[in-house]
Amino acid sequence: MPDRSATRRVRAAVSAALLAGLLLTGCGTGTGQGPAAAPAQRSSAPAAAGAPGTAAPAGTVGGPGTPCALPVSFSLAADWEPEAVEPAADPDLAALTRQGPATLRCEVDAKPAGHVGFLRVWTVPEGRARAALEAFVTAEKGARGAVYSAVEAGPLTGVQTVYQVDGELTGGTKTERAFAVGTADGGVVIVHLGGLDTEEHEAMRPAYELARSTLRAS
């Protein structure tokens with residue numbers, strides 16, 4: 001039988017490596033200065049692909065007075081912590097916040113909820129949702145097998161994709177997904193869910209579905 005305690009320790013170490021490489025210290029606006037806590041024991045079993053389960057709303061991000069100023073707002077699952085990502089002056093650091101036409105604006109950290117991953121919000125200054133989402137996925141290293149479909153995001157209609165990428169830290173492949181909606185100013189918002197591996201991705205999926213179902217224009 002696999003040593004589950006050892007597995008949790010490995011995931012905690014990987015989480016710390018992810019934090020070091022994804023600009024959470026240099027670009028965020030949060031006030032916490034201590035090292036990231038290791039993820040707690042997973043609070044729920046991974047959901048099946050067609051049945052992600054539900055998450056109760058426990059806060060909002062995107063609107064006035066929230067940590068991230070965004071063109072949209074949505075509800076957060078319990079213990080998910082949002083942090084704004086500010087533009088970096090250093091070109092090398094700034095490149096970490098760009099993917100295709102999209103710029104990273106907000107990261108919602110799942111570690112306090114016991115998972116290794118983020119719900120990330122990206123914005124595109126202009127264009128259509130489908131084209132922006134396709135360009136976003138194409139720009140992700142190792143992305144393949146993307147399937148696109150129309151999706152309802154709160155009262156808005158957008159497009160969603162599910163695809164596979166190489167799990168560089170864990171080996172094999174993992175699932176990622178994102179949805180995109182147009183905004184009143186002619187831009188696009190992309191909400192993306194990754195994760196350490198497919199198991200973590202599915203465990204975090206209820207928070208993604210909560211964000212999609214509660215999305216509103218700010």
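How much surface does the protein expose, and what share of it do carbon and sulfur atoms supply? The protein exposes about 10600 Å², and 55% of that comes from carbon and sulfur atoms. Keep in mind as you look around that this is a predicted model.

**Start with the whole chain**

Show the protein as a cartoon and color it by secondary structure. You should find five helices and eleven strands. Of the 218 residues in the protein, 45% are buried. Now think about which parts of the chain touch: among contacts with a separation of 6 or more, 58% are between residues 24 or more positions apart.

**Next, select C68 and C106**

Show these two side chains as sticks. Here is the one disulfide that the structure holds, joining C68 to C106 with an S to S distance of 2.1 Å. Where in the chain do C68 and C106 sit? C68 belongs to the loop between β1 (57-61) and β2 (72-77), while C106 is in strand β5 (residues 102-109). The pair is 38 residues apart and links distant parts of the chain. Look along the S-S bond and you will see a right-handed link, with 70 degrees about that bond. Both C68 and C106 are buried.

**Move on to β7, β8 and β9**

Select residues 144-153 for strand β7 and 156-166 for strand β8. These two strands run antiparallel and are joined by eight bridges. At their hairpin there are two residues between the strands, and G154 takes a positive phi near 60 degrees.

Now add β9, residues 173-182. β8 and β9 also pair in the antiparallel sense, over eight bridges. Six residues lie between the strands in this second hairpin, where G171 has a positive phi near 80 degrees.

To step across the three strands, pick Q160 in β8, the bridge partner of S149. From Q160 you can carry on to F179, its bridge partner in β9.

**Finish at K174**

Stay in strand β9 and select K174. Is this lysine buried or exposed? K174 counts as buried because its relative accessibility is 14%, below the 20% cut-off.

What does the side chain of K174 reach? One of its polar atoms lies 2.8 Å from the backbone oxygen of G195. Now show the surroundings of K174, leaving aside neighbours within four places in sequence: K174 is in contact with Y163, Q164, V165, D166 and G167, and also with G195, L196, D197 and T198.

Key:
Residues numbered from 1 in each chain as written. Heavy atoms only, no water. Helix = DSSP H or I, 4+ residues; strand = E, 2+ residues; numbered from the N terminus. Buried < 20%, exposed > 50% of the residue type's maximum accessible area, 1.4 Å probe, protein only. Contact = heavy atoms within 4.5 Å. Areas by Shrake-Rupley, 256 points an atom, 1.4 Å probe, with all protein chains shown as cover. Disulfide = S-S within 2.5 Å. Polar contact = N/O pair within 3.5 Å; in protein donor to acceptor, adjacent residues only side chain to side chain. Pairing = 2+ DSSP bridges.
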